[in-house]
Amino acid sequence: MRSGSVRLRAALGATAVVAAALVAVGLLVVSVLRSGLADNAALAAEAQAREVAAQTSAAATGDVHDLDALDDDPIQVVDADGRVLGASDHLEGEAPFADFHRPERASQDSDDDEDDEDDDPDDEDDRSPEPDADSGSEEETVTFPVDDDGEPTRAEDAVGEQDFSVVAVRTTTADGTPVTVYAGASLRDQEEAVATVTRAMLVGLPVLLVVVAGVTWLVVRRALRPVEGIRREMGTITASADLGRRVPVPDSRDEVARLAHTTNETLAALETSTERQRRFVADASHELRSPIASLRTQLEVAEAHPELLDLPGAVTDTVRLQQLAADLLLLARLDAGERPQHGRFSPAELVREELSQRAGHRVAPRAESLVPDEVAGSRGQFGRVLRNLLDNAERHARSEVRVRMRRESPGRLELAVEDDGPGVPEAERHRIFERFVRLDDARSRDEGGAGLGLAIARDVAERHGGTLTVGQSPAGGASFVLRVPTAEGGRPPVG
């Protein structure tokens, strides 16, 4: 299942991120812990070394081995020749600290021995580095043999080995003999603490990762539950083709709720569009059926009785059928998103041409004012809008149809077609631009059109970046106002 894979990916991703973070933090904690404990051991060793150095500087060379401080461990006082002048009890008789095994120096010392022809056991390279004359102390980690209690002991009696942090402090005895005081502090506590923390992390990390994975799985599952409900409902809608159904909207105000709202809005728009398409097809079929039936009847009568042929009526029905087919085709192209041709034309010229062709009509339209501004778009479609508005005005006018133009604002042109007819009731003004809508008291089917003229005019106006509205004219009739941007200051036609 799709949602299951999302839960799995989210759980694995969260677990991987947490695991990487915990490993990094664990390594950092262990490193800080190890460093801190090592620093503490070094400080303890340095303090011990300085204390012994202070006592050594007040004692004669021969009395160094009797110092009270040598009761602590592990401590050695070594002269410049490497002789042990004094040491703690458990290091009594042991070689100097310089001779204790240092794992980190063993390989280096062996390489140096191969390259160095001088094999003198007293060579400085064979001992731990002495502190510089200018330095007070020098720290180094060395490995001591230890007994069962973890205390330094003789190598032959050692049970194991342990790391000690050793600090060397240089001083002189009371009789001026230069000596080096070595004091060591065990790193056993450090190693045990680090080992304990490491074991705790190794045990706790998998448990924590399991908890993170489980919690993430449950949280994502709960978050995706409304999405699964939306998916199921959409599947049901698709299978049943019932666009009246809606997906469930969760109570939360999150992205899933917004998705549900958007989905329902899409379904509503699709339902409206589908219903509109159904009405369009039904109305178009109905409108086409009337002239086709009338024309067929006349042709059948003419076939049986040629003398009864109503030739003008047949021509009228044919023209009406042709106009309806042209309107339907234009609406189909507009619905398909056909872009107006990118040209420039003068609406004033179109008005003059159209009015000249209507000079002999029942109500001859007249122009009151025209402006020379140009409009960008399709001259043919704009002319269609003008003809539809004039046809509608002539159909309802009593004695007067006027066309006026003005520059509404910089970059915007207004064209109004007004009549002195009964006008459009305010409650019906929002319906008059719908397709196949004819007001009950406006005109009969035979005298009027199919109810597509104003719908076409509005769609074409919008395609040219304009608007078409209806109001009341000064004479009391209808006033259709077309507002479009000019070619100089307006936006291009929309697609």
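How many aromatic pairs does a search of the whole structure find? The search finds 2 (rings of Phe, Tyr and Trp, the last by its six-membered ring, pair if their centres lie within 6.5 Å).

This is a predicted model, where local features need pLDDT of at least 70 and side-chain atom pairs count only at pLDDT 80 or more, while totals for chains, interfaces and linings use all residues. Residues are numbered from 1 along each chain as its sequence is written, and side-chain values use heavy atoms, leaving out hydrogens and water.

**View 1. Phe345 meets Phe382 as a tilted pair.** The rings sit 5.1 Å apart, centre to centre, with 55° between the planes (under 30 degrees counts as stacked, over 60 as edge-to-face, the rest as tilted). Phe345 belongs to strand E6 and Phe382 to helix H7, 37 residues apart. Phe345 is buried at 4% relative accessible area (buried means under 20%, exposed over 50%, partly exposed in between, with a 1.4 Å probe and protein chains only). Phe382, at 5%, is buried too.

**View 2. Phe433 and Phe480 pair edge-to-face.** Here the centres are 6.2 Å apart and the planes make 90°. Phe433 is in the loop between strand E10 and helix H8, and Phe480 is in strand E12, so this pair ties together parts 47 residues apart in sequence. Both Phe433 and Phe480 are buried.

**View 3. Helix H4 (residues 255–304) and helix H5 (residues 311–335) cross at roughly 160°.** Their axes, lines fitted to C-alpha atoms over the stretch in contact, come within 9 Å. H4 and H5 are therefore roughly antiparallel (an angle over 145 degrees). Among the residues meeting (heavy atoms within 4.5 Å) are Phe280 and Leu288 in H4 and Leu321 and Leu324 in H5.

How values were computed:
Axes are lines fitted to C-alpha atoms, for helices over the stretch in contact, and angles run from 0 to 180 degrees between N-to-C directions. Helices (H or I, at least four residues) and strands (E, at least two) are DSSP runs, numbered from the N terminus. Angles under 35 degrees count as roughly parallel, over 145 as roughly antiparallel, 65 to 115 as roughly perpendicular and the rest as oblique.
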